[in-house]
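Here are my notes for your reading of this model, set out as numbered points. Please go through them with the coordinates open beside you.

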Amino acid sequence: MIQDIISAYMVLPNRITVPLIGEVELAQLRFPMPKGVLRIYFIEAQNLEVKDTYLGGLIKGKSDPYGMLLVSNQLFRSKTIKECLHPKWNEVYEALVYEPSGQHLEIELFDEDPDKDDFLGSLMIDLTELHKEQKVDEWFDLEEVTTGKLHLRLEWLSLYSSAEKLDQVQKSIRTNDNLSSALLIVNLDSASNLPTNPFVFNPDGPKPPYKGLKSGKKVSIDPNPFVKLTVGQKTCTSKVRYKTSEPLWEETFPFLINNPQTQELEIEVKDSKHKCSLGSLQVSLASLLNEVDMTLNQQFPLQSSGPNSTLKLKMALRILSLEKEVTSSHPSSVRVRITSQSNTCVPPKPQATSSPTDIQPSQNPPCTPPPDTPQGKRGSDGSPVRLADAGRSLSSLGIGSSHKRQSHRDSTPSLASDISLPCATLELQQRLQQLQNGSGLNLYPLGEVQLTVRHSSQRNKLIVVVHACRNLIALNKDGSDPYIRLYLLPDKSRSGRRKTSTLKKTLNPIYDQSFEFSVSMVELHRRTLDIAVKNGGGLLSKNKLLLGKTLVDLGSEDISKGWTHWYHLTEDGAKKLMQT
């Protein structure tokens, strides 16, 4: 929770500002303009790996490829091309870039399957050099796979504060309504004199949550205002400010604009508690074209509101254009790069914007051989993932893998996993039978484990806190040496395993240890948390046994809020899942 709060304040474009001199415009520091817009033409791929096989691999089929593209916190998903190893997507995406230094375009290809999508390769492009190149149109060899290459066209669009280039830009994008000619930045500052909510108490209607009201008496309650901003098909919503008619937001919202001469910004101030409108406002974007620096900063009177209700906004319009025209034959400094370190997390699936393009492939640039990282291995799961890498060089437009080179054992079941210990369940069943033949058998003969489970949608992490166990079975006169192993099924590889410390000679261990798995909210309904309590010891110890298992269903809608429960252990965790 603390990390979620910190990221909400410090992930670009959010930042903490400390003015060191006087007369500094804080709004400019808190909400800076993007440095540019990256336009990505996701064109086609060739010679992708075959992932769909039949009859145990005797018959090779094809793949159903799609792409996931990530720039900062902006994620795009392409359409899926069915049964094709040479797919043509011809889609275009546009992403805001606030700082090219340190930012990357990260692309991963997957084969769409009903259960678990297979990995088809990845690319990583440093935006620092792309900012200098302005335009790149090349084929890139995919990394972490043995075959496959991807055709991309990338354009860095700079921001211009005059309308001189608008006609030229609109002519260049006239054939594609999904492309943008301008960027609108709206700084929502504050509102003044918002109307309070008159409420007439009706004894025959639903009772309001106010005490001491008499029939027919009017009361005025300060609203809980928030703002909805809409341009075209995109709508942004501000935070709610509670019980105030003088709210202060200081929030910024970007909108990519196709044609500023015809589009308008629609704003509505609403009360979150009573679901009613507090006022509205329409601003024609064409009016910004005639302003100095195409920027407007003023108090706007609200329509259908109080007599003195106003909304303070700062709006800036910027034209998007290449600084220089670069032909496709211009040599770029793009080169393949193997990265040294990464950390992965899973984003929510966004809506992708697609449109046809007509671009001829350029020559395939030289590149280094891909590493022998296990194919399809994406951290702790095989789903489309968002990659975050803090250890990549910023000196050139590098393309690299998202993982360090892994040994073969990372792609195979762990030596400590249940699948590699077929005797563990049998021994546990025999132990349970011995307990049942005895006396004093309680409700949960193998004991219980206490877990807190929560999903962070902002960081795309499943967070599991292992608190404690109670009433475990004793393997000798001193008790047991329990530890807990966690998997996020279906992944049971070594890299997907989490494990607590081992506590000696206790049947009621307390761990209070936290673990994280990279998985999106969308993927959770297809994943299961596998918990096994085991007895520690040396590799050849005769008491290194399974003490109990449980499976946790992750399909609950409350997982974003989280829960803390005791789960009873069984000799077969699947029974527990079936019962729930």
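1. I would begin with Asn-193, keeping in mind that the model is a predicted one. Asn-193 sits in the loop that joins strand 11 (182-192) to strand 12 (197-200), and because its relative accessibility is 41%, it counts as partly exposed, the buried class being under 20% and the exposed class over 50%.

2. The surroundings of Asn-193 include residues that are remote in sequence: the C-alpha atom of Ser-305, 112 residues away along the chain, is 9.4 Å from the C-alpha atom of Asn-193. Once neighbours within four places in sequence are set aside, the contacts of Asn-193 are with Ser-245, Glu-246, Asn-308 and Ser-309. With Asn-308 there is also a polar approach, in which a polar atom of the Asn-193 side chain lies 3.2 Å from the backbone oxygen of Asn-308.

3. Is His-455 buried or exposed? His-455, which belongs to strand 25 (residues 448-456), is buried, because its relative accessible area is 1% and the limit for that class is under 20%. Its side chain comes to 2.8 Å from the backbone oxygen of Val-519, and Val-519 is also one of the residues that His-455 touches beyond four places in sequence, a list that further includes Asn-460, Lys-461, Leu-462, Met-521, Leu-524 and Ile-559.

4. The largest nonpolar core comprises 36 residues, and those with the most contacts inside it are Leu-38, Phe-42, Leu-105, Ile-107, Leu-109, Leu-150 and Leu-152. Strand 4 (residues 65-71) contributes the most to this core, giving five residues. A separate core, apart from the largest one, holds 34 residues, among them Val-227, Cys-236, Ile-267 and Leu-317. As general background, nonpolar side chains in soluble globular proteins tend to be buried together.

5. Leu-150 deserves a look of its own, since it touches, beyond four places in sequence, Phe-42, Ile-107 and Leu-109, as well as Trp-89, Leu-123, Trp-139, Phe-140 and Leu-142, among others. The residues touched by Leu-150 also include Glu-44 and Glu-138.

6. Finally, I would draw attention to a nonpolar patch on the surface, of about 1100 Å², which is made by Ile-2, Ile-5, Ile-6, Tyr-9, Met-10, Ile-16, Val-18, Leu-20 and Ile-21. Within this patch, Val-18 lies in the loop between helix 1 (2-10) and helix 2 (26-30), and Val-18 is classed as exposed because its relative accessible area is 62%, the cut-off being over 50%.

How values were computed
Residues numbered from 1 in each chain as written. Predicted model: local features only at pLDDT ≥ 70, side-chain atom pairs only at ≥ 80, totals over all residues. Heavy atoms only, no water. Helix = DSSP H or I, 4+ residues; strand = E, 2+ residues; numbered from the N terminus. Buried < 20%, exposed > 50% of the residue type's maximum accessible area, 1.4 Å probe, protein only. Contact = heavy atoms within 4.5 Å. Polar contact = N/O pair within 3.5 Å; in protein donor to acceptor, adjacent residues only side chain to side chain. Core = buried A, V, L, I, M, F, W, Y, C linked by side-chain atoms within 4.5 Å. Patch = residues over 30% accessible without salt bridge, like charges linked within 9 Å, V, L, I, M, F, W, Y side chains within 5 Å. Areas by Shrake-Rupley, 256 points an atom, 1.4 Å probe, with all protein chains shown as cover. Salt bridge = Lys/Arg side-chain N within 4 Å of Asp/Glu carboxyl O.
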